[in-house]
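Reader: I would like a close look at a single part of this protein. Please pick one helix and take me through its surroundings.

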Amino acid sequence: MGDVVQAGLWGLVAGSALLLGAGLGYGLRVPQKVIASVMAFGAGVLLSAVSFELVGEAYDQAGLGPAAIGTLAGAAAYTLGNMWLARRGARHRKRSGSRSGEVQPSESEQGGSGAALALGALLDGVPESAVIGVSLLDGGAVSLVTVAAVFISNVPEGLSSSAGMKRAGRGKAYVFGVWAAIAAASTVSAVLGYTVIGAFSPAVIAAVTAVAAGAILAMIADTMIPEAFEDAHLAIGMITVCGFLVSFALSHS
């Protein structure tokens, strides 16, 4: 199997978790504590993957400078994009809407919020998928830890966000259309991560990896951990650490 095809397939696998979560969130009444617990576990898995698979790899390839600068740049880019989208209705895009102050707006309440939600989902998903493709550049084998981390974190994201979309009055076609589009975008991002970034020098590849890491870290802090804390605050620390250790064990197995 060609590496380009392999990158696309692994990106699709990771992105398909969003559809799995969407199906659960739209069709079932999943208890909020379960959603929060899975979100906390996914945050821990991603934190470990970012530390050892992304920032650590960028440091090994190019040193502290490019790794640090790239990480900060990724975090800044994500934060600015998130702030822009939040003002247009995507502030609570990963919230299930169980709390009155954290409900996604309907289109009638805020025009354009549907498009903002879709763009927010894209903003969250592209960095994760791109690094799946980049991971193939190191020896021709995808980082299964990165794929597993993205997959595990995508399930609660799709679950919680889809429940919130349903509460805001958005129909099944919109909900599953958004997540199907993001799954497709994840495939394309993984392919571009391999084909486009692979043409550059190791230092540039390291910097791009660090940029993705910074964006993912900012996403975890801005969206995943707050959602998990709302309903699992007494256990979030332990659950997050468990996710971290599972990912750490996989990366060192």
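Author: What follows is a walk around helix α5 and its helix partners.

This is a predicted model. The protein chain has eight helices and zero strands. From the N terminus on, the elements run α-α-α-α-α-α-α-α. Of the 253 residues in the chain, 48% are buried. Contacts across long stretches of sequence matter for the picture here. Among contacts with a separation of 6 or more, 85% join residues 24 or more positions apart.

Now the helix itself. α5 covers residues 144–167. It has 24 residues and reaches 35 Å from its first C-alpha to its last. That is close to the 34 Å expected at 1.5 Å a residue. Buried residues number 18 of the 24, so α5 is largely enclosed by the rest of the structure. After α5 comes G169, with a positive phi near 90 degrees.

Three partners come next: α1, α2 and α6. Two packed helices are described by the angle between their axes and the distance between the axes.

Start with α1, residues 3–27. Its axis lies 6 Å from that of α5, at an angle of about 30 degrees. Angles under 35 degrees count as roughly parallel, and α1 and α5 are therefore roughly parallel to each other. Their crossing is right-handed. By class, this contact has 16 nonpolar, seven polar and two charged residues. α1 has 25 residues and reaches 36 Å from its first C-alpha to its last, close to the 36 Å expected. Its buried residues include G8, G11, G15, G21 and G25. A14, A17, L18 and Y26 are also among them.

Turn to α2, residues 32–62. Here the axes are 8 Å apart, and the angle is about 150 degrees. That makes α2 roughly antiparallel to α5. α2 passes α5 in a left-handed crossing. On the α2 side, the contact is made by I35, V38, M39, F41, G42, V45, L46, A49 and E53. On the α5 side, the residues are V145, T146, A149, V150, I152, S153, P156, E157, L159 and S160. The residues of this contact divide into 13 nonpolar, four polar and two charged.

One residue of that contact deserves a closer look. I152 is found in α5. At 27% relative accessibility, it counts as partly exposed. Leaving out residues up to four places away in sequence, I152 touches F41, G42 and V45. I152 and F41 are 111 residues apart along the chain. Their C-alpha atoms are separated by 8.3 Å.

Last comes α6, residues 172–195. The axes of α5 and α6 come within 10 Å and cross at roughly 150 degrees. The two helices are therefore roughly antiparallel to each other. Their crossing is right-handed. E157, G158, S161, S162 and M165 in α5 meet Y174, V175, V178 and W179 in α6. By class, this contact has five nonpolar, three polar and one charged residues. E157 appears in the contact with α2 and again in the contact with α6.

To recap, α5 is roughly parallel to α1. It is roughly antiparallel to α2 and to α6.

Technical notes:
Residues numbered from 1 in each chain as written. Predicted model: local features only at pLDDT ≥ 70, side-chain atom pairs only at ≥ 80, totals over all residues. Heavy atoms only, no water. Axes fitted to C-alpha atoms, helices over the stretch in contact; angles between N-to-C directions. Helix = DSSP H or I, 4+ residues; strand = E, 2+ residues; numbered from the N terminus. Parallel < 35°, antiparallel > 145°, perpendicular 65-115°, else oblique. Left-handed = near helix turned anticlockwise from the far one by under 90°. Contact = heavy atoms within 4.5 Å. Nonpolar A, V, L, I, M, F, W, Y, C, P; charged D, E, K, R; others polar. Expected span 1.5 Å × (residues − 1). Buried < 20%, exposed > 50% of the residue type's maximum accessible area, 1.4 Å probe, protein only.
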